[in-house]
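Subject: Structure for you to look at

Hi,

Here is the structure I promised to pass on. Have a look at it first, and then read my notes below.

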Amino acid sequence: MSSAASDVYKRQGLVDAKKGHHGGFVLAKPPGDIRFIDILRAVDFEPAADHCLFGLANCDANNPCPLHSQWSILKGQIEDWACSHTLGDFLKEDKDRKQK
């Protein structure tokens, strides 16, 4: 993990750094307490942010681009998913998949 990335995650309370010979990074809280929305926001990705997929500055409900309505729906779904799923959910699913 780069220094800049680790600083971002440390500031957001997602990881702790341990210096020294056996140093590294550890999660600052249990995986089940880290929502994906927290990770996304730590890297400045806000699913609900109003931005146009085509990069149009004046794209909004009154002046929509061709994908505006579908993108609005998808952004809401991404945010709902990221708010309701945790890193712990992913780790459990991965563990269950590997045991099969």
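By a nonpolar core I mean a set of buried Ala, Val, Leu, Ile, Met, Phe, Trp, Tyr and Cys residues joined through side-chain atoms within 4.5 Å. Please keep in mind that this is a predicted model.

The largest such core has 10 residues: Val8, Tyr9, Leu14, Val15, Ile34, Phe36, Ile37, Ala42, Ala82 and Leu87. Helices α1 (3-11) and α2 each supply at least two of them, and α2 gives the largest share, three residues.

One core member, Ile34, has contacts that include Leu14, Leu27 and Ile39, as well as His85, Thr86 and Leu87, when residues up to four places away in sequence are not counted.

Thr86 itself sits in the loop between α3 and α4 (87-99). With a relative accessible area of 11%, Thr86 counts as buried, because the cut-off is under 20%. A polar atom of its side chain lies 3.2 Å from the backbone nitrogen of Gly88. Beyond its neighbours within four places in sequence, Thr86 is in contact with Pro31, Gly32, Ile34, Arg35 and Phe36.

Now to helix α3 (residues 68-84). At 1.5 Å a residue, its 17 residues should span 24 Å, and the end C-alpha atoms are indeed 24 Å apart. Its buried residues are His68, Trp71, Lys75 and Ala82. Seen down the helix axis, they fall within an arc of 55°, so they line one face of α3. Part of their cover comes from α2 (36-42). Exposed Gln70, Asp80 and Ser84 are carried on the face turned away from that buried side.

Best wishes

Key
Residues are numbered from 1 along each chain as its sequence is written. This is a predicted model: local features need pLDDT of at least 70, side-chain atom pairs count only at pLDDT 80 or more; totals for chains, interfaces and linings use all residues. Side-chain values use heavy atoms; hydrogens and water are left out. Helices (H or I, at least four residues) and strands (E, at least two) are DSSP runs, numbered from the N terminus. The expected span of a helix is 1.5 Å times one less than its number of residues. Buried means under 20% relative accessible area, exposed over 50%, partly exposed in between (1.4 Å probe, protein chains only). The arc is that of the directions from the helix axis to the C-beta atoms. Contact means heavy atoms within 4.5 Å. A polar contact is a pair of N or O atoms within 3.5 Å; within protein, one must be able to donate a hydrogen and the other to accept it, and residues adjacent in sequence count only if both atoms are side-chain atoms.
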